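Hi everyone, thanks for making time for this. Please pull the structure up on your screens and keep the sequence beside it, so you can click along while I talk.

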Amino acid sequence: MAIMTRVATAALMVAAAVLLGLAGAGHAQLQNGFYKGKCGANDVEAVVQGIVRSRFARDAPIVAYLLRMQFHECAVNGCDGGLLIDGPGTEKTASPNLSVKGYDLIADIKAELERRCPGVVSCSDIQILATRDAVALAGGRPYAVRTGRRDRRQSRASDVVLPAPDSTAAQSVAFFRKLGLSEFDAVLLLGAHTVGATHCGVIKDSRLYKYGGRAGATDPALDPYYAFVYKTWVCPNAAASDGNVVFLDDQWSALRVDSNYYKQLQRRRGVLPCDQNLYGDGASTKWIVNLLANNSDLFPSLFPQALIKLGEVNVITGAQGEIRKVCSKFN
């Protein structure tokens, strides 16, 4: 029986890998170990990993911050460091990015690398490496990423168009397809919410008290018991609760990269509408949620592949762009 289970799991992983397309083609000028021998005797990836490990030890939610940063970065003009730039009218000032966190960690890593080998490591590579290391520290599978990105000399708030928290499954999938990613990728990448959190102000109208624009209406797609808990203790219908934190996964699992997020969707306990809509009646993504929820080994194996693909969206390499001295400003 155990052998049959392993064979079945292996077959599912092969099938899922084919559907996912796996990260293999990507950008021709990115490569594994790009910085080897370019920073004196220093191992660039080990330096990044050490700083991320130190931060994770005292601030475990950093994994959620970095995953969100990678998505908000790479989904707008590609993984080019544009989100890191300070100043009026930059990507950082756009409404969806006002709550992005983790900039200080990227700045700390950059400062250390500049001390060791000035002008060598791009800010955009630091983002991808730091996210990779945080995912592994939070229980995800370790994975290799290719490096060699350059930083773009452009950052415009007007370019920032990201999916809304109430996106339908079709809208979410369409957004990821515009990035060159598949429906399977979309469901995997939304699985980053396994370590995510939001605030009551985001869900009070859409799910708890004004569903469909009707006063007092609660989203029928939300598990009634969870709705009761949220309305009674977490997000009471008063302005004072708007800033209260709501975990996007079970609280016991909220700091671990695992497949529990998908089990929550099966139980109608997805917090954001865009999450629960993946499991809605008639949603083309429902079978993927079932696959990932019912086969716990699949998500840890496939999530890194989707992150790799996201991390290679519209990158610039070679002589394009620049290697910033400070991540928050152009040279």
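I'll go through the overall layout, then the two domains, then a few single residues, and finish with salt bridges.

One thing to keep in mind the whole way: this is a predicted model.

Okay, the layout. The UniProt entry, which is unreviewed, carries the annotation "domain: Plant heme peroxidase family profile" over residues 29-331. Across residues 29-331, helix makes up 43% of the chain and strand makes up 2%. If you click on the C-alpha atoms at the two ends of that stretch, they are 23 Å apart.

Now the domains. The chain splits into domain 1, residues 42-160, and domain 2, residues 167-308. Each side brings 16 residues to the contact: 16 from domain 1 and 16 from domain 2. The C-alpha centres of domain 1 and domain 2 are 24 Å apart.

How much area is buried between domain 1 and domain 2? About 1,300 Å², and carbon and sulfur atoms give 71% of that. On the domain 1 side, look for L67, R141 and Y143: this trio supplies 37% of the area that domain 1 buries against domain 2, more than any other three residues. And if you're wondering which element gives the largest share of the side of domain 1 that touches domain 2, that's α3, with five residues.

What about polar links across that boundary? Between domain 1 and domain 2 the count is zero salt bridges, but there are three residue pairs in polar contact.

Let's zoom in on some single residues, starting with T90. You'll find T90 in the loop between α3, residues 62-74, and α4, residues 103-116. Is T90 buried or exposed? With a relative accessible area of 6%, T90 is buried. Its side chain reaches the backbone oxygen of G87 at 2.8 Å. Setting aside neighbours within four places in sequence, T90 is in contact with I85, S155, R156 and A157.

Stay in that loop between α3 and α4, because S95 is there too, and S95 counts as exposed, with a relative accessible area of 60%. Here's a nice one to click: S95 and V160 are 65 residues apart along the chain, and their C-alpha atoms are separated by 8.6 Å.

Next, hop over to the loop between α5, residues 123-137, and α6, residues 169-178, where S167 is found. S167 is buried, at a relative accessible area of 5%. A polar atom of the S167 side chain lies 2.8 Å from the backbone oxygen of A164. If you don't count residues up to four places away in sequence, S167 touches S172, P273, C274 and N277.

A138 is in the loop between α5 and α6 as well. A138 is buried, with a relative accessible area of 2%. Leaving out its neighbours within four places in sequence, A138 is in contact with F56, V63, L255, R256 and V257. For a distance to check, A138 and D108 are 30 residues apart along the chain, with 20 Å between their C-alpha atoms.

Last stop, salt bridges. The general idea is that side chains of opposite charge can pair when their charged atoms come close. How many salt bridges are there here? The count comes to 19.

Take R153 and E322 as one of them: their closest N and O atoms are 2.8 Å apart. That pair links distant parts of the chain, with R153 in the loop between α5 and α6, E322 in the segment after α13, and 169 residues separating them. R153 is partly exposed at 48% relative accessible area, whereas E322 is buried at 7%.

Remember R156, from the list of T90 contacts? Its side chain meets that of D159 in a salt bridge, 3.1 Å from N to O. Both of these are partly exposed, D159 at 21% and R156 at 39%.

One more pair: R207 forms a salt bridge with D219, with the closest N and O atoms 3.1 Å apart. R207 is in helix α8, and D219 is in the loop between α8 and α9. This time both partners are buried, R207 at 1% and D219 at 9%. And finally, E45, R132 and D133 are joined into one network by salt bridges that share partners.

That's my tour, thanks for listening!

Definitions and conventions. Residues are numbered from 1 along each chain as its sequence is written. This is a predicted model: local features need pLDDT of at least 70, side-chain atom pairs count only at pLDDT 80 or more; totals for chains, interfaces and linings use all residues. Side-chain values use heavy atoms; hydrogens and water are left out. UniProt positions are given in the numbering used here, feature names are shortened, and annotations may be inferred rather than shown by experiment. Helices (H or I, at least four residues) and strands (E, at least two) are DSSP runs, numbered from the N terminus. Buried means under 20% relative accessible area, exposed over 50%, partly exposed in between (1.4 Å probe, protein chains only). A polar contact is a pair of N or O atoms within 3.5 Å; within protein, one must be able to donate a hydrogen and the other to accept it, and residues adjacent in sequence count only if both atoms are side-chain atoms. Contact means heavy atoms within 4.5 Å. Domain bounds come from an automatic or database domain assignment. Buried area is the accessible area (1.4 Å probe) that two parts lose on being put together, summed over both. A salt bridge is a side-chain nitrogen of Lys or Arg within 4 Å of a carboxyl oxygen of Asp or Glu.
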